[in-house]
Amino acid sequence: MIRAIQVKEFGGPEVLKWVEIDLGEPGPGEARIVHKAVGLNFIDTYRRSGLYPIDLPSGLGTEASGIVTSVGPDVHHVAPGDRVAYAMGPQGSYSEERIMPAKWLVKLPEDINDEIAASMMLKGLTSWYLLRQTYSVQPGEWILLYAAAGGVGLIAAQWARKLGAHVIGVVSTEEKRQLALNHGCETVLLATDDIVTKVRNLTGGEGVPVVYDPVGKDTLITSLDCLRPRGLLVSFGNASGPVEGLNLLELAKRDSLYVTRPGLWTYVKNREDLEAGCADLFKQVLGGHIDIKIGQRFDLCDAADAHRALTSRRTIGSSVLLP
Ligand SMILES: NC(=O)c1ccc[n+]([C@@H]2O[C@H](COP(=O)([O-])OP(=O)(O)OC[C@H]3O[C@@H](n4cnc5c(N)ncnc54)[C@H](OP(=O)(O)O)[C@@H]3O)[C@@H](O)[C@H]2O)c1
């Protein structure tokens, strides 16, 4: 028997239950892993609440690092004893051990430790596709990034700076402001500032070519107002609630804007995507261009407290859950 977090009904953090599970042995294409560290992600809160429905009862979480302990038939790229991490696949990373499709497992370089790996896989691959594919950030461009001191935010800001961009971050507190300035942002605004005016001033009145907005409902109109003609809003999260009912005329009257609502699963569909993203991500981290900041550690059995901290904006950088 192993212990894991289970969700039997959608709701607040209190629905996260610490239970015993009988795991069994891996089947074809599967591997069994003992987790060393588990990544906490905002998307886990959407799945727990039912905003992104999952079949119940269910495990939770899709990011962790650990060691392969056994593999089923037809698994060739990992073997027992390998240090691995993942950011994709079925729910269930909030567990001491699990069985999952081996195709999502990536072997870890020696110099990336277990906690760092669990802090960077999902957030790092997200930063990779947002900055390199959804919109290809160019040297010299000003870009706007909300939640710049968060898990994705600190990684994306450093990566964008490495690409040569000038990153304008937005955060909610002075402490987060300092952190974002030390991790890739050239300038950092507070959420209470007149963001549109400040962004216009920084960009000679023009606006930015791209806004990366994981906040959602509360920031939609401000984000559109910060864009230059034909600029792109990348609305990639719902931290304040989902965006609903955008009138497309709002795009026309602000000079032919674009909006996309991307998801990691579209950009990492298969092994080839995963390997390309991880190769780039590992290169940035091992090359010292991206410092992975672990702001909080929680015992895995206290995942409910971790969710409370994340949704009440009390976390900085990445958070890990320790089995
Ligand atoms: N589409 C994708 O593929 C994808 C993948 C990964 C993550 N995401 C999204 O990226 C965002 C960041 O994820 P993360 O796990 O790294 O979380 P995080 O950024 O560490 O935490 C979320 C941050 O959002 C900000 N925020 C603004 N308004 C908020 C509100 N009303 N309630 C709570 N937080 C608010 C807070 O920063 P301030 O206090 O500084 O405002 C908070 O720290 C999430 O929206 C997530 O859904 C999307």
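This passage describes the ligand site, a further pocket and two backbone features of a predicted model.

The ligand is a good place to start. Around the ligand are 28 residues, and those that come nearest are Y46, Y129, S172, K176 and F236. Because domain 1 (2-120 + 267-322) and domain 2 (139-261) both contribute residues to this shell, the ligand lies between the two domains. Four helices, α1 (42-49), α2 (114-134), α3 (151-162) and α10 (303-311), each provide at least two residues of the shell. Of the contributing elements, α2 gives the most, with three residues. Sorted by class, the shell holds 14 nonpolar, 11 polar and three charged residues.

For readers who like to follow individual atoms, several polar pairs can be picked out at this site. Y129, already named among the nearest residues, places a polar side-chain atom 2.7 Å from an oxygen atom of the ligand. The backbone takes part as well: a polar backbone atom of P214 is 2.9 Å from an oxygen atom of the ligand, and a polar backbone atom of F236 is 3.0 Å from a nitrogen atom of the ligand. Taken alone, the ligand would expose 900 Å², and the protein buries 93% of that area.

Attention can now turn to the second largest pocket, which encloses about 190 Å³ of space. Its lining is made up of 16 residues, with I21, G59, Q91, G92 and R98 lying nearest the centre of the pocket. Two strands, β1 (2-7) and β6 (97-101), each supply at least two residues of this lining. The largest share comes from β1, which gives four residues. By class, the lining of this pocket comprises eight nonpolar, six polar and two charged residues.

Two details of the backbone are also worth a look while the structure is on screen. The peptide bond that joins L56 and P57 is cis, with omega at about -5 degrees. P57 sits in the loop between α1 and β4 (64-71); helix α1 is also one of the helices that supply residues to the ligand shell. The other detail concerns D74, a residue other than glycine whose phi is positive, near 65 degrees. D74 belongs to the loop between β4 and β5 (83-86).

Definitions and conventions:
Residues numbered from 1 in each chain as written. Predicted model: local features only at pLDDT ≥ 70, side-chain atom pairs only at ≥ 80, totals over all residues. Heavy atoms only, no water. Near = heavy atom within 4 Å. Polar contact = N/O pair within 3.5 Å; in protein donor to acceptor, adjacent residues only side chain to side chain. Areas by Shrake-Rupley, 256 points an atom, 1.4 Å probe, with all protein chains shown as cover. Nonpolar A, V, L, I, M, F, W, Y, C, P; charged D, E, K, R; others polar. Domains from an automatic or database assignment. 1 Å grid on protein atoms, 1.4 Å probe; cavity = no way out; pocket = protein on both sides within 12 Å on 5 of 7 lines; lining within 4 Å. Points joined across faces, edges and corners; volume = space filled by probe spheres on them.
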